[in-house]
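Grab a pencil and work through these exercises one at a time. Try each task yourself before you peek at the solution.

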Amino acid sequence: MKIGILETGRPPEPLQAAFGDYPAMFRSLLGPGFDYVTYPVEQMILPADPAERDAYVVTGSPAGVYDDLPWIDPLKRFLVEARDKAALVGICFGHQVMAEAFGGRVVKSEKGWGVGQHTYVIARREPWMDDAATISIPVSHQDQVVALAPDARVLGGNDFSPYGMLAYGDRAISLQCHPEFDPAYAEALLRIRRGTRLTEEEADAAIASLQAPNDDARVGAWIRRFLEAA
């Protein structure tokens, strides 16, 4: 299966040597057996035709979907066109830009930063999922989907992110959380944001939450099964 990774951002420079880039994280999450190609969307590089790949994964990004950046509207147009031609998976920013492209709305949330490890309650089970009632996954976001696209289905969420997992038809899913984040990377990210984006207390609480068992592997398996079936 041919998978295109739509790279919409990069980890902070100090962390790249130790943890790699986001495409590497997704290759690790999804595992072998796929033919991966990365498209650096921030450089205005998108597939010429959505049919180039069987599926696309949209990564996280420090950008907001509402930012006046030259690559965001072309990405939205590409996602609308690709819906009928390829499977789609969006993570964090990818989750948000898919929601906006398909008719929903995203804002910078008044709730502030969601960081550390969050637990989502599963609201609806799809064929590629197992019987887990909840999943606990690292998160790192300030933006939120606040209005759904007309055909969106809510698969899961929590009080902080009610629309934490969404599906559109049979070939598009998205998650606000970060199953591709190793807890060590999530912790390193929090440490460099301590005292800038986050208070000392917020960072410490978030780091402590990452010590609990997580469901990264389970959700990675879900995404893999979704891609194989789409």
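**Exercise 1. How many bridges join strand β1 (residues 2-7) and β3, and is the pairing parallel or antiparallel?**

Before we start: this is a predicted model, where local features need pLDDT of at least 70, side-chain atom pairs count only at pLDDT 80 or more, and totals for chains, interfaces and linings use all residues. Residues are numbered from 1 along each chain as its sequence is written, and side-chain values use heavy atoms, with hydrogens and water left out.

Step 1. Find the elements: helices (H or I, at least four residues) and strands (E, at least two) are DSSP runs, numbered from the N terminus.

Step 2. Check the pairing rule: two strands pair if DSSP finds at least two bridges between them. Strands of a sheet pair through backbone hydrogen bonds, either parallel or antiparallel.

Step 3. Count: β1 and β3 share four bridges, and the sense is parallel. Ile3 has Ala55 of β3 as its bridge partner, and Ile5 sits opposite Val57.

Step 4. Look at the other neighbour: β1 also pairs with β2, again in the parallel sense, over six bridges. Lys2 faces Asp35 of β2 there.

**Exercise 2. Work out the strand order of the open sheet and name its edge strands.**

Step 1. Walk across the nine strands: the order is β2-β1-β3-β4-β11-β10-β9-β6-β7, and the pairing is mixed.

Step 2. Spot the edges: β2 (35-40) and β7 each pair on one side only.

Step 3. Add the twist: neighbouring strands are turned by 25° against each other on average, if you ignore direction. For angles like this, axes are lines fitted to C-alpha atoms (for helices over the stretch in contact), and angles run from 0 to 180 degrees between N-to-C directions.

**Exercise 3. Decide how well strand β4 (residues 87-91) is covered.**

Step 1. Get the cut-offs: buried means under 20% relative accessible area, exposed over 50%, and partly exposed in between (1.4 Å probe, protein chains only).

Step 2. Apply them: five of the five residues are buried, so β4 is largely enclosed by the rest of the structure.

Step 3. Sort by face: Ala87, Val89 and Ile91 lie on one side, Leu88 and Gly90 on the other, and all are buried.

Step 4. Find a neighbour: β3 (residues 55-58) runs parallel to β4, with four bridges between them. Tyr56 has Leu88 as its bridge partner.

Step 5. See what lies across the strand: α4 runs at about 120° to β4 and also lies across β3, β7, β10 (165-168) and β11 (172-175).

**Exercise 4. Describe how helix α3 (residues 72-82) meets helix α4 (residues 93-101).**

Step 1. Recall the recipe: two packed helices are described by the angle between their axes and the distance between the axes.

Step 2. Fill it in: the axes of α3 and α4 come within 9 Å and cross at roughly 70°. That makes α3 roughly perpendicular to α4. (Under 35 degrees counts as roughly parallel, over 145 as roughly antiparallel, 65 to 115 as roughly perpendicular, and the rest as oblique.)

Step 3. List the residues in contact (heavy atoms within 4.5 Å): Ile72, Leu75, Lys76, Leu79 and Val80 of α3 meet Phe93, Val97, Met98, Glu100 and Ala101 of α4.

Step 4. Classify them: eight are nonpolar, none polar and two charged. (Ala, Val, Leu, Ile, Met, Phe, Trp, Tyr, Cys and Pro count as nonpolar, Asp, Glu, Lys and Arg as charged, and the others, Gly among them, as polar.)

**Exercise 5. Is Arg53 buried or exposed, and where does it sit?**

Step 1. Locate Arg53: look in the loop between β2 and β3.

Step 2. Check its accessibility: at 10% relative accessibility, Arg53 counts as buried.

Step 3. Name some neighbours: leaving out residues up to four places away in sequence, Arg53 touches several residues, including Lys2, Asp35, Tyr36 and Ala86.

**Exercise 6. Profile Glu81.**

Step 1. Place Glu81: helix α3.

Step 2. Check its accessibility: at 41%, Glu81 counts as partly exposed.

Step 3. Find the side-chain partner: a polar contact of 3.4 Å joins Glu81 and Lys85. (That is a pair of N or O atoms within 3.5 Å; within protein, one must be able to donate a hydrogen and the other to accept it, and residues adjacent in sequence count only if both atoms are side-chain atoms.)

Step 4. Compare sequence with space: Glu81 and Asp49 are 32 residues apart in sequence and 9.0 Å apart in space, C-alpha to C-alpha.
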